[in-house]
Amino acid sequence: MVFDLEMTVKKRKAGDLSSQKMDDLLAALRTARLRVTEPRIAILALLAEKHGPFTVEEIHQKLTKICDLATVYRSFISLEKARLIQRCEFGDGTSRYELAEAKDHHHHHIVCRKCKKIEPLDSCSFAEVNRLADDTGYSDISHFLEFFGVCRICK
């Protein structure tokens, strides 16, 4: 399936729920002093519309009509540096990316060891992070924690 930027723009105009999110992402591009280009908009729209994480190659496959692979790589570098997207590592040597987490939404992933399916876990119960911040004097603490197992289908 190829990502259709034109359809995403039409959905935004029709009052799609992601309209505010896209407006926020475009504003974040401007705040980061990045040019608002069609490839960057398409990447952010795709990541906002479909939860990742995705490899650069997977994103490129969905954006072949919009940009080449080198442009996707360059865009990912600048979007990650601006903290608009974040890299996920699952120990297989492949980097995957998703939208950077909003302060009110933090999650982890569970990865099937056999089929490599990745699912988000929408909760995080590490209240100890706040205590860690208090005990050490650190602020703005973050963490990455991924789980691995065998999914129901592969069992």
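# A guided tour, starting at a strand pair

Begin by selecting Ile85 together with Leu99, its bridge partner in strand 2. The model on the screen is a predicted one, and every value given along this tour is computed from it. Extend the selection to strand 1 (85-89) and strand 2 (95-99), and you will find that the two pair in the antiparallel sense over 5 bridges. Together they form a hairpin with 5 residues between the strands.

**The turn of the hairpin**

Select Gly91 next, which is placed in the loop between strand 1 and strand 2 and which has, in this turn, a positive phi of about 75°. Gly91 counts as exposed, because its relative accessibility is 79%. If you also show Glu146, which is 55 residues away from Gly91 along the chain, you can check that the C-alpha atoms of the two are separated by 9.8 Å.

**The nonpolar core**

Return to Ile85, since this residue also belongs to the largest nonpolar core, a set of 24 residues in which Ile43, Leu44, Ile59, Phe76, Leu79 and Ile85 have the most contacts. To see where the core residues come from, colour helix 2 (18-31), helix 3 (38-49), helix 4 (56-62), helix 5 (69-81) and strand 2, the elements that each give two or more residues to it. Helix 3 supplies the largest share, with 6 residues.

Which residues should be displayed around Leu44, once its neighbours within four places in sequence are left aside? They are Met22, Leu25, Leu29, Leu79, Leu84, Ile85 and Leu99, with each of which Leu44 is in contact. The list brings back both members of the opening pair, Ile85 and Leu99, so keep them on display while you look, as they are bridge partners of one another.

**Two arginines with positive phi**

Move out to the loop between helix 2 and helix 3, where Arg33 lies, and then to the loop between helix 5 and strand 1, where you will find Arg83. Most residues other than glycine have a negative phi. Arg33, however, has a phi near 60°, a positive value, and the phi of Arg83 is likewise near 60° and positive. Are these two side stops buried or exposed? Arg33 is exposed, with a relative accessible area of 77%, and Arg83 is exposed as well, at 68%.

**The sheet of three strands**

Now select strands 3, 4 and 5, which make up an open sheet with the order 4-3-5 and mixed pairing. Strand 4 (118-121) and strand 5 (146-149) stand at the edges, and because each has a single partner strand, one side of each is left without a neighbour in the sheet. From one strand to the next, the twist averages 25°. Strand 3 (residues 108-112) and strand 4 run antiparallel and are joined by 4 bridges; to find your place among them, select His109, whose bridge partner in strand 4 is Pro120.

In the loop between strand 3 and strand 4, pick out Lys116, which counts as partly exposed at 47% relative accessibility. The C-alpha atom of Lys116 is separated by 9.2 Å from that of Cys151, although the two residues are 35 positions apart along the chain.

**The cysteines**

With Cys151 on display, add Cys112 and Cys154 to the selection. A disulfide is a covalent bond between the sulfur atoms of two cysteines. How many disulfides does a search of the whole structure find? The search finds 0. The cysteine sulfur closest to that of Cys112 is in Cys151, and because the separation is 3.7 Å, it is too far for a bond. Cys154 is in no disulfide either, the nearest cysteine sulfur being that of Cys151, 3.6 Å away. The surroundings can be compared as well: Cys112 counts as buried, at 3% relative accessibility, whereas Cys154 is partly exposed, with a relative accessible area of 22%.

**Stepping back**

Finally, display the whole protein, whose secondary structure comes to 6 helices and 5 strands, following the pattern α-α-α-α-α-β-β-β-β-α-β along the sequence. Of its 155 residues, 35% count as buried. Among the contacts with a separation of 6 or more, 52% are accounted for by residues 24 or more positions apart. With the surface switched on, you are looking at an accessible area of about 10200 Å², of which 51% belongs to carbon and sulfur atoms.

Key:
Residues are numbered from 1 along each chain as its sequence is written. This is a predicted model: local features need pLDDT of at least 70, side-chain atom pairs count only at pLDDT 80 or more; totals for chains, interfaces and linings use all residues. Side-chain values use heavy atoms; hydrogens and water are left out. Buried means under 20% relative accessible area, exposed over 50%, partly exposed in between (1.4 Å probe, protein chains only). Contact means heavy atoms within 4.5 Å. Accessible areas come from the Shrake-Rupley method with a 1.4 Å probe; for residues, only the protein chains shown count as cover. A nonpolar core is a set of buried Ala, Val, Leu, Ile, Met, Phe, Trp, Tyr and Cys residues joined through side-chain atoms within 4.5 Å. A disulfide is a pair of cysteine sulfur atoms within 2.5 Å. Two strands pair if DSSP finds at least two bridges between them. Axes are lines fitted to C-alpha atoms, for helices over the stretch in contact, and angles run from 0 to 180 degrees between N-to-C directions.
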